[in-house]
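Reader: Hello! I am new to this structure and would love a close look at a single part of it. Could you walk me through what surrounds that part?

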Amino acid sequence: MSHIVVIGAGQAGSSLVAKLRNSGFDGEVTLIGAESAPPYQRPPLSKAYLLGDMELERLYLRPESFYSDNNITLRLGTHVDAIDTNAREVVIGDERIAYDQLALTTGSVPRLLPASIGGTLQGVYAVRTLDDVDQMAPEFAGGRHVLIIGGGYIGLEAAAVAAKKGLNVTLVEMADRILQRVAAPETSDYFRALHQSHGVDIKEGVGLDRLTGDGRVTGAILSDGTKIQIDFAIVGVGITPGIALAEAAGLDIDNGIKTDTHGRTSDPAIWAAGDCTSFPYRNARIRLESVPNAIDQAEIVARNMMGDDIEYVAKPWFWSDQYDVKLQIAGLNTGYNNVVTRRDGDAASASFWYYQDDMLLAVDAMNDPRGYMIGKRLIEAGKSPDKSIIADTDADLKPLLK
């Protein structure tokens, strides 16, 4: 009987094994996860779960009974030491698990601060796993001072939670502006104003020199020499793909585990999906850090592992919740040279449309679900409306879809 082993019990791994069973695969399936919790949603960790608005069980992607009911061996709290590609075996301590096909859904890992600048002091947290958030949750008491290092979406979401809970929040971003790596200045301006209106002290163009404290963090020295007293710190300086196992096994790496359009790696018996993977997209190679990509790619890989021949065509979209603002992003803005702003009567509602010359690439929509949905459909259809129509708030965008 054929045995499929999946390493990585996150969104992609859970989606992949579910798709195998839903598509009629009747061989053995084993899903291996390093964490002790069953597969769960990560986006709510830094938002609803940290705020206390979501119960633990609601985080789970599927009831734990789903795996046993579908004859899926779920091995949690299990660290995989190596992959023996010649023997087609997964190595866990002294144990070896044979596979016919293997899928790597190893996700991503947060960048941490080095110990030399205080990264290992108590009270310094990352926001990646359920354990991370459970450990930091007691720190969120009103009146305390938190330093957030990094002005990307993770840092901004954590800042929003802290501000809503009544903490004093200082956020430092060493780049010239928050969200500089991922968004236009217009989007940065929108979220800077939003956070400042909630009392967050945003320092841009200022990095962290080091954290201070004896055993536990009590302060920080910034790159401009400023010294501040803090009660704890959250590090949100990006993530890297989880490639360690794949690299040690000799698989090709290119900003992630390199796959073809079908999700197959350089080893014909090994596949990959999700945050850990780089794949062909519009004459380039990209890696997408998003829930929709993890689900869609994993489901295509599951079908291809069963013998189908389906190319994965990514439809990039993302979201972020901060205070009462929902940001929805469609497309990829890489290469843009023009941004068109569209606003309606609601001051909190806006959308920014990214163009490369006359070609629509992406849309950032804040509290504008209609603009987001129309933009998403236009991008997927390869349509690029005239910029003057987008900028005209009196213009109805729906006819553009015809």
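**A close look at strand S20 and at Arg88**

Author: Happy to! Let us begin with Arg88, which is partly exposed because its relative accessible area is 36%, between the 20% below which a residue counts as buried and the 50% above which it counts as exposed. Please keep in mind that this is a predicted model. Arg88 sits in the loop that links strand S4 (82-84) to strand S5 (89-92). Leaving aside residues up to four places away in sequence, Arg88 touches Ile97, Ala98, Tyr99, Asp100 and Ala269. For a sense of scale, take Pro369: 281 residues separate Arg88 from Pro369 in sequence, and their C-alpha atoms are 47 Å apart in space.

Now let us turn to strand S20, which covers residues 277-281. Four of its five residues are buried, so S20 is largely enclosed by the rest of the structure. S20 also has strand partners. With strand S18 (residues 257-258), S20 runs parallel, and two bridges join the two strands. Here you can look for Lys258, whose bridge partner in S20 is Ser278.

Strand S21 (residues 284-286) pairs with S20 in the antiparallel sense, over three bridges. One pair to find is Tyr281 with Ala284, its bridge partner in S21. S20 and S21 form a hairpin, with two residues between them. In that turn you will find Arg282, which has a positive phi of about 50°.

Methods
Residues numbered from 1 in each chain as written. Predicted model: local features only at pLDDT ≥ 70, side-chain atom pairs only at ≥ 80, totals over all residues. Heavy atoms only, no water. Buried < 20%, exposed > 50% of the residue type's maximum accessible area, 1.4 Å probe, protein only. Contact = heavy atoms within 4.5 Å. Pairing = 2+ DSSP bridges.
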